[in-house]
Amino acid sequence: MPTSLEALCHADTHHAIEIADRVWWVGHVIPNDHFQCHVYLLEQGEQSVLFDPGSRLTFAHTLRKIEEVMPLSAIRWFVCHHQDPDIAAALPMIDRLNTRRDAAVVTHWRAKALLKHYGLELPFWLVDEHEWRLELEDRALEFIFTPYAHFPGAFCSFDRASGVLFSSDLFGGFTEQPQLIARDESHFDAVRPFHEHYMPSSDILDYALNQIEQYPVEMIAAQHGSIIPQPLVGFIIDKLRHLDCGLYLLGQGDTDIQRLSQLNRTLRDITETMLLYRDFRDIATRLLEVIQRSLPVSHIDYYAALPDEQILSLKAKARFVGLVEPSLPNACRFIGQDLSEWYRAHTEEPALANHRLYAEGFCLQPERDDGASIAVPLTANQSERVEAMAILIFDTRPLITSSTAQLIAQMIEPLKIALEREVIYRSIDLERERAYQRSIRDPLTKLFTRFYMQDVMSRHLALQEREMAPSVSALLIDLDYFKQINDTHGHGAGDRVLQQVAELIQAQCRGVDVPVRFGGEEFLVLVIGQPLAGAVELAKRLNAVIAAHAFEIGRDQPLRVTASLGIAQRGAKEDIDSLIHRADLALYEAKRAGRNRYQVADAEGDEPRV
């Protein structure tokens, strides 16, 4: 049975201690160490779990305590909440002792990137690839994503059956004297300095706490400091909220606490924006509001490189819709270049002599009528290549102090993330559109395929039956004597003729019409929303332009080609195959009548006529 809370306070830490149902503390207390590291064991038969195995300093003690509960071979899963050696350095020792082929290290992909350098034979089981859940013998482990607390891939583990949260670095503490169980509210005095020094920002900490509060936590099995029992869980969470974490990192030599406080608040709001918003328009609007507290910015425009070497323009006045413009600010010429070229140009080019380049990398560009703009180059991660540019527009020339320069410098990373994310989304959308177009377009002529035609017309005809869509006519086009072109000039010449015919058809069609490569040298145009006379007019134009066109096929004299056309208007409840069949019969009559002409089919069921 789990040890009672009172008994836990006096438990013998030389042995394994059951802190909750089938949950054991198997760590080791290092004397006179303010930074205790705990190891926990979840007893699950042959599916047992060891949380944060520990360091080389403590593993012998941990192994002895594990074997008081079960053999090491019963442990299948070794959870590593992060990659630091205080909890992961024992992995190579476990690797050597492991005899199970199904054992694995459970972690996040970001931690795996570093843990793999231990050279383990144990495979990795990634929480982010398994829907953040691990099924066990009589319960399931749920993994809670708490990014940046303390590293990008940080997460916690929750055992709903016992209510125990294995919290990784969250809720840790520096303890003057080792204390397995937190006894009262004074324990926050140990928790506070740990988080102020270790967590990057209060926003990141608050976000993690919000995630954790969605779970019915009965006990916090902290990785450092002391285990937090249920009576103190809510109190500690409330006290941690809005704690000023990482404040001193902002100073950069500045000891003015008011300025640091304002800067910290601004950066906290920027971080919150990045965490809470996904749509770039929302991010850009929120960032502007935050920055306007410290700088008289009118608006901010963004420019970023797309994979196809185009520049994505995200402008405030266009509501950040995302356009690729031919006319771009001069600063955008540095997108795609190395950052060193940005510095060189601003120090050597006479045209940029009145621009002020700051050590933080941004440039103040004066404008007429006392206005100005600040161009902020944004590089890719771990690269000096400028991938994007943020242009801050001012109605009056701003005074750039060390504090505002520092604010702009601190903006760079969030802006990089926001723009990089937007470029990824836009690139995915572009590639999805290209893939869709490839699936519905004939690769040679770029006209629609028969498959697309069947799909779109089946829906159109269904709507027409309900009098919700306009009428439709079919115009079938066949090139006269096309086989002779292939036989005489080769299939390459034939392909060029087909491409040029497709261009002529496309040029004569309206946006609502559906031009299709029907097969071989046959083309089909579905004329939408026109009476039969409209389809006949289109046939006349196509007949004339094809006959008049000089087809370039790579020889001295251009080739002359003619086409025969058949037209049919859809009858009541007629299906698409029947409509095309009647147009085909009319086409046959046009060919039999001498080619280079069009013929019209009578109403459904009648013979075609000239």
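Select strands S14, S13, S18, S17, S16 and S15, which in that order make up an open sheet of six strands with antiparallel pairing; strands, like helices, are DSSP runs numbered from the N terminus, with at least two residues of type E for a strand and at least four of type H or I for a helix, and two strands count as paired if DSSP finds at least two bridges between them. S14 and strand S15 (356-357) stand at the edges with a single partner strand each, so one side of each is left without a neighbour in the sheet. The model is a predicted one, in which local features need pLDDT of at least 70 and side-chain atom pairs count only at pLDDT 80 or more, while totals for chains, interfaces and linings use all residues. Residues are numbered from 1 along each chain as its sequence is written, and side-chain values use heavy atoms, with hydrogens and water left out.

Within this sheet, S17 and S18 are joined in the antiparallel sense by eight bridges, and Thr 379 can be found opposite Val 386 in S18.

Now add the helices. H10 lies across S13 and S14 and runs at about 140 degrees to S13, where axes are lines fitted to C-alpha atoms, for helices over the stretch in contact, and angles run from 0 to 180 degrees between N-to-C directions. Helix H11 (residues 339-348) also packs on the sheet, touching S15, strand S16 (363-366), S17 and S18, and its direction makes about 150 degrees with that of S17; contact here means heavy atoms within 4.5 Å.

Next, colour the nonpolar core. The largest one has 34 residues, and Tyr 302, Ile 374, Val 376 and Leu 392 have the most contacts inside it; such a core is a set of buried Ala, Val, Leu, Ile, Met, Phe, Trp, Tyr and Cys residues joined through side-chain atoms within 4.5 Å, with buried meaning under 20% relative accessible area, exposed over 50% and partly exposed in between, for a 1.4 Å probe and protein chains only. At least two residues each come from helix H10 (280-291), strand S13 (297-305), strand S14 (311-314), strand S17 (372-379), strand S18 (386-394) and helix H12 (402-440), and H12 gives the most, with eight residues. Centring on Ile 374, and not counting residues up to four places away in sequence, one finds that its contacts include Phe 362, Leu 364, Ala 390, Leu 392 and Ile 408.

For a second sheet, select S1 to S7: seven strands form an open sheet in the order S1-S2-S3-S4-S5-S6-S7, with mixed pairing. Strand S1 (17-20) and strand S7 (124-126) are at its edges, each with a single partner strand, so one side of each has no neighbour in the sheet. From one strand to the next, the twist averages 30 degrees. S2 and S3 pair in the antiparallel sense over three bridges, and Leu 41 in S3 is the bridge partner of Trp 24.

Move on to strand S9 (residues 140-145), where five of the six residues are buried. Three bridges join strand S8 (residues 133-135) to S9 in an antiparallel arrangement, and a hairpin connects S8 to S9 through four residues. S9 also pairs with strand S10 (residues 155-159), in the antiparallel sense over five bridges, with Phe 143 opposite Ser 157 in S10.

The aromatic rings come next: a search of the whole structure finds 13 aromatic pairs, where rings of Phe, Tyr and Trp (its six-membered ring) pair if their centres lie within 6.5 Å, and planes under 30 degrees apart count as stacked, over 60 as edge-to-face and the rest as tilted. Phe 35 and Phe 174 form a tilted pair, 6.1 Å centre to centre with 45 degrees between the planes. Phe 35 is partly exposed, at a relative accessible area of 25%, and Phe 174 is partly exposed as well, at 33%. Phe 51 and Phe 166, by contrast, form a stacked pair, 3.8 Å centre to centre with 10 degrees between the planes. Phe 51 lies in strand S4 (residues 48-51) and Phe 166 in strand S11, so this pair ties together parts that are 115 residues apart in sequence. Both Phe 51 and Phe 166 are buried.

Finally, select Asn 486 in helix H14 (residues 482-489), which counts as buried at 15% relative accessibility. Leaving aside neighbours within four places in sequence, Asn 486 is in contact with His 491 and Gly 494.
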